[in-house]
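Dear colleague,

I am passing on a structure that you have not worked with before, and I would be grateful if you could look through it alongside the notes below.

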Amino acid sequence: LHHIIGVRDIWLGALAVLFAILREWRALAAWFILAAGVCFYDAGIVFHTTANIWAMAFHCGSGVFCGKVGRACLRSRVSAQASCAE
């Protein structure tokens with residue numbers, strides 16, 4: 001199971017890098033916002049299985065981070081469009 005999760009993380013990370021290289025800010029923002037949802041869902045799983053406070057804090061912190069990066073990507077895209085329109 002750990003190998004499957006590791007492979008999943010590698011291709012998801014590669015997808016995020018590809019979106020950044022291609023400057024697909026909307027896609028990258030969606031990727032991070034979905035990742036935030038997954039992080040909070042994982043925190044819920046941890047709560048119901050082990051209730052390990054450090055693991056829950058890690059997942060919640062990751063969710064907040066991903067959400068903020070997703071919003072920043074959206075703002076970056078909007079500001080780029082505004083500067084091109086001038």
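Of the contacts in the protein (heavy atoms within 4.5 Å) between residues at least 6 apart in sequence, 48% join residues at least 24 apart.

Please keep in mind that this is a predicted model, in which local features need pLDDT of at least 70 and side-chain atom pairs count only at pLDDT 80 or more, while totals for chains, interfaces and linings use all residues. Residues are numbered from 1 along each chain as its sequence is written, and side-chain values use heavy atoms, with hydrogens and water left out.

As for the overall fold, the protein has three helices and zero strands, where helices (H or I, at least four residues) and strands (E, at least two) are DSSP runs numbered from the N terminus. Read from the N terminus on, the order of elements is α-α-α. Buried residues (those under 20% relative accessible area, as against exposed at over 50% and partly exposed in between, with a 1.4 Å probe and protein chains only) account for 21% of the 86 residues. The accessible surface, computed by the Shrake-Rupley method with a 1.4 Å probe and, for residues, with only the protein chains shown counting as cover, comes to about 6,500 Å², and 72% of it belongs to carbon and sulfur atoms.

Turning to the interior, the largest nonpolar core (a set of buried Ala, Val, Leu, Ile, Met, Phe, Trp, Tyr and Cys residues joined through side-chain atoms within 4.5 Å) holds nine residues, namely Ala16, Phe19, Leu28, Ala29, Phe32, Ala35, Ala36, Cys66 and Cys73. Two or more residues of this core come from each of helix 1 (2-21), helix 2 (25-49) and helix 3 (53-85), and the largest share, five residues, is given by helix 2. Alanine 29, one of the core residues, is in contact with Gly70, Cys73 and Leu74 once its neighbours within four places in sequence are left aside.

Histidine 59 may also deserve your attention: this residue is found in helix 3 and counts as buried, because its relative accessibility is 18%. Not counting residues up to four places away in sequence, histidine 59 touches Cys39, Asp42, Ala43 and Val46.

On the surface, Val17, Leu18, Ile21 and Leu22 form a nonpolar patch with about 400 Å² of accessible area together; patches are made of residues with over 30% relative accessible area and no salt bridge, like charges being joined within 9 Å and nonpolar side chains (Val, Leu, Ile, Met, Phe, Trp, Tyr) within 5 Å. Within this patch, leucine 18 has its place in helix 1 and is partly exposed, since its relative accessibility is 42%.

The structure holds one salt bridge, a term that here requires a side-chain nitrogen of Lys or Arg within 4 Å of a carboxyl oxygen of Asp or Glu. Aspartate 9 forms a salt bridge with arginine 8, and the closest N and O atoms are 3.1 Å apart. Aspartate 9 is partly exposed at a relative accessible area of 40%, and arginine 8 is partly exposed at 39% relative accessibility.

Finally, the loops. Arginine 23, in the loop between helix 1 and helix 2, has a positive phi of about 55 degrees although it is not a glycine, and arginine 23 counts as exposed at 63% relative accessibility. Alanine 51, in the loop between helix 2 and helix 3, is likewise not a glycine and has a positive phi of about 55 degrees, while its relative accessibility of 43% makes alanine 51 partly exposed.

With kind regards
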